[in-house]
Amino acid sequence: MAVIGTEGTKGGLADRGVPRLHVIADCASLAKEALRGGAGAVQVRIKASNDAAVLAECELIVAAAQCTGALVIVNDRADIALAAGAHGVHGGADDLPVPVLRGLLGPQRLVGGTARDPDAARRHQADGASYVGVGPVYATATKGDLPTPIGPAGVEKVAEAVDIPVIAIAGITAAQVPELLDAGAHGVAVIGAVARAADPAAATAELIEAIGG
């Protein structure tokens with residue numbers, strides 16, 4: 001799998017590539033726990049009507065990530081990502097298309113696209129995506145109205161179709177990581193496995209160990 005690097009963002013980022021563990025956080029406190037556990041990337045997903053509050057929270061997360069060298073990717077909001085000095089944006093199926101996000105963010109930041117089949121993943125790659133988030137892999141209660149899970153077999157089909165990193169998402173626990181890596185995933189994105197853990201930092205560390213560092 002090819003790994004696309006970024007550099008020149010606010011955090012003085014060297015060519016790091018796409019991290020293998022993305023922890024999706026809806027607040028700075030959870031993000032800080034994930035960073036304390038060693039997360040390579042935090043995906044910020046904050047649903048609020050007050051953009052100023054969202055920006056302030058993102059700025060806190062970016063500042064915390066600078067201390068660990070981790071990357072910050074903002075879900076959906078290119079404007080917030082740029083204003084906060086984040087390292088990239090992940091676009092959902094109903095958000096701005098990958099070519100638009102790439103045009104807004106330029107060549108140095110990460111742009112992720114959402115896919116559940118090889119055709120969508122190939123389009124994202126052609127349009128300049130740094131990686132594709134693929135799922136839902138397993139059933140999850142974290143986010144409603146999701147399509148039928150594609151399982152490791154679905155991840156494998158996408159991974160075979162593209163050369164950019166594939167990040168599997170939805171319902172993933174540390175115990176399921178090996179089968180996803182075997183299917184060709186570069187890494188995983190998690191919500192509940194960390195957010196609902198009694199010790200989010202320890203849960204993050206367990207996921208990193210499952211991925212292999």
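This report covers the salt bridges and one nonpolar surface patch of a predicted model.

**Salt bridges**

A search of the whole structure finds five salt bridges. Three of them are set out here, each with its N to O distance.

| Basic partner | Acidic partner | N to O distance |
|---|---|---|
| Arginine 36 | Glutamate 33 | 2.7 Å |
| Arginine 77 | Aspartate 79 | 2.9 Å |
| Arginine 122 | Aspartate 119 | 2.7 Å |

**Within helix α1**

Helix α1 spans residues 28–36 and holds both arginine 36 and glutamate 33. The two sit three residues apart, about one turn of the helix. Their side chains form a salt bridge, with the closest N and O atoms 2.7 Å apart.

The partners fall into separate exposure classes. Arginine 36 has 59% relative accessibility, so it counts as exposed, since the class begins over 50%. Glutamate 33 has 24% relative accessibility and therefore counts as partly exposed. Buried would require a value under 20%.

**Within helix α5**

A salt bridge also links arginine 122 to aspartate 119. Helix α5, residues 118–126, contains both. Again the spacing is three residues, about one turn of the helix.

Both side chains belong to partly exposed residues here. Arginine 122 has a relative accessible area of 40%. Aspartate 119 has a relative accessible area of 46%.

**A shared-partner network**

Salt bridges with partners in common join Asp51, Arg77 and Asp79 into one network. Within that network, the side chains of arginine 77 and aspartate 79 meet at 2.9 Å, N to O.

How exposed is arginine 77? Its relative accessibility is 27%, so arginine 77 counts as partly exposed. Aspartate 79, at 45% relative accessibility, counts as partly exposed too.

**The nonpolar patch**

The surface also carries a nonpolar patch. Which residues make this patch? Leu82, Leu96, Val100 and Leu104 do, and the patch has an area of about 310 Å².

One of these residues can be placed further. Leucine 96 lies in a loop. That loop runs between strand β4 (88–91) and helix α4 (98–105). Leucine 96 has 41% relative accessibility and so counts as partly exposed. Patch membership calls for over 30% relative accessible area and no salt bridge.

**In brief**

Two of the bridges described lie within helices: arginine 36 with glutamate 33 in α1, and arginine 122 with aspartate 119 in α5. Arginine 77 and aspartate 79 belong to a network with Asp51. Leucine 96 contributes to the nonpolar patch from a loop position.

Methods
Residues are numbered from 1 along each chain as its sequence is written. This is a predicted model: local features need pLDDT of at least 70, side-chain atom pairs count only at pLDDT 80 or more; totals for chains, interfaces and linings use all residues. Side-chain values use heavy atoms; hydrogens and water are left out. A salt bridge is a side-chain nitrogen of Lys or Arg within 4 Å of a carboxyl oxygen of Asp or Glu. Helices (H or I, at least four residues) and strands (E, at least two) are DSSP runs, numbered from the N terminus. Buried means under 20% relative accessible area, exposed over 50%, partly exposed in between (1.4 Å probe, protein chains only). Patches are made of residues with over 30% relative accessible area and no salt bridge: like charges are joined within 9 Å, nonpolar side chains (Val, Leu, Ile, Met, Phe, Trp, Tyr) within 5 Å. Accessible areas come from the Shrake-Rupley method with a 1.4 Å probe; for residues, only the protein chains shown count as cover.
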